[in-house]
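Reader: I'd like a close look at one part of this model, side-chain contacts included. Could you walk me through it and then work outward to the helices around it?

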Amino acid sequence: MMIFHPSKSHILSITCANSTNIGTNFVYSMNDIAIDYTDLEKDLGVHINGKLDWSHHCNKLYSKANQRFGILKRTCYFTKNVNKRKTLFLSQVRSLFEHCTIVWRPASESSIDKLENLQKRGIKWIVNNLYLSLGDKRRYYQVCKQLNILPLSARFDYKDVLFFHNVFYGLSVVKFPPYLKRFTGSRLRRSHLDDLCFVSLISPPTPQNLTSNQTRCNGISKSYFYRAHLLWNRLPYELRSIARPSVFKNELLKYLWTNIN
């Protein structure tokens, strides 16, 4: 049996309340030793705070990736081959953005752009053209297609949908949350939905036309299953009906490349 060490344990309260009020009402202890409260904790490589705001984790990843990219440029400057530079960048820098993205995927445009800008710098290094202009999205996507490197925003979508596919076809021990239900209504009422689509019983506070069986919930739009079911519903029916993971991955990549604009 694992024995917890009090000095290596911390308490993290996840709440919308003011952080200054956290930990003032109750003291947790182990072996008669009080456990300290913390505002931030790293668990399985992901930095978690009390408001489930992933900006701190994104900043940490950006700093670490930026450091690795700097080391990569200094130590592998002699490599001019595009394929070799691409492999080095993907394995040493971009790989940092692959771990648990369904948990910490940034919700704000500023955080996504910050990480995307690092990849743009990486692409300039890969093609050995530091003066390449990638400010225009179409130009950036064009170069990404040439190198077969998905933009990070599309890569996040790819990881979200892959995991949703595994849950849907029973390839994961994770189950759908109770608020997600398979659509069983009439196509005449919601013509864009089919038998492979999902509907959520809770919705963000922004929509004004909620049905009678929906509940408003702040922050739900940033959660994995809510955003993933929307991505899943937008996929073509033929793509969602593919059960084999290897085939689904290939077809999903083709679909994402076709719809990047």
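Author: A polar atom in the side chain of Asn233 sits 2.8 Å from the backbone oxygen of Phe198. Bear in mind that this is a predicted model, so the distance comes from predicted coordinates. Asn233 belongs to helix H7. Is Asn233 buried or exposed? With a relative accessible area of 15%, Asn233 counts as buried, because the cut-off for that label is under 20%. Leaving aside residues up to four places away in sequence, Asn233 touches Leu193, Cys197, Phe198 and Arg240. So Phe198 turns up twice here: as the partner in that polar pair and as one of the residues Asn233 touches.

Stay in H7 for a moment, which covers residues 224-234. Leu230 is in this helix too, but Leu230 is partly exposed, at a relative accessible area of 33%. That value lands in the partly exposed class because it falls between the 20% and 50% cut-offs. Leu230 also has a distant partner in sequence: Ser200 is 30 residues away along the chain, yet the two C-alpha atoms are 9.4 Å apart.

Now over to H6, whose buried residues pack against H7. H6 runs over residues 152-168, 17 residues in total. From first C-alpha to last, H6 reaches 24 Å, close to the 24 Å expected at 1.5 Å a residue. How many of the 17 residues of H6 are buried? Twelve are, so this helix is mostly covered. Among them are Leu152, Phe156, Tyr158, Leu162, Phe164 and Phe168, and the list also includes Arg155, Asp160 and His165. Besides H7, the buried residues of H6 pack against helices H3 (101-104), H4 (109-126) and H9 (245-259), plus strands S5 (180-182) and S6 (198-200). After H6 comes Gly170, with a positive phi near 70 degrees.

H4, one of those partners of H6, also packs with helix H5 (residues 137-147). The axes of H4 and H5 are 11 Å apart, at an angle of about 55 degrees. The two helices are therefore oblique to each other, because about 55 degrees falls outside the parallel, perpendicular and antiparallel ranges. The crossing of H4 and H5 is left-handed. On the H4 side, the contact is made by Glu116, Gln119, Lys120, Ile123 and Ile126; H5 contributes Tyr140, Val143, Cys144 and Leu147. As for the spacing, an α-helix has 3.6 residues a turn, so residues three or four places apart point the same way.

How values were computed: Residues numbered from 1 in each chain as written. Predicted model: local features only at pLDDT ≥ 70, side-chain atom pairs only at ≥ 80, totals over all residues. Heavy atoms only, no water. Helix = DSSP H or I, 4+ residues; strand = E, 2+ residues; numbered from the N terminus. Buried < 20%, exposed > 50% of the residue type's maximum accessible area, 1.4 Å probe, protein only. Expected span 1.5 Å × (residues − 1). Contact = heavy atoms within 4.5 Å. Polar contact = N/O pair within 3.5 Å; in protein donor to acceptor, adjacent residues only side chain to side chain. Axes fitted to C-alpha atoms, helices over the stretch in contact; angles between N-to-C directions. Parallel < 35°, antiparallel > 145°, perpendicular 65-115°, else oblique. Left-handed = near helix turned anticlockwise from the far one by under 90°.
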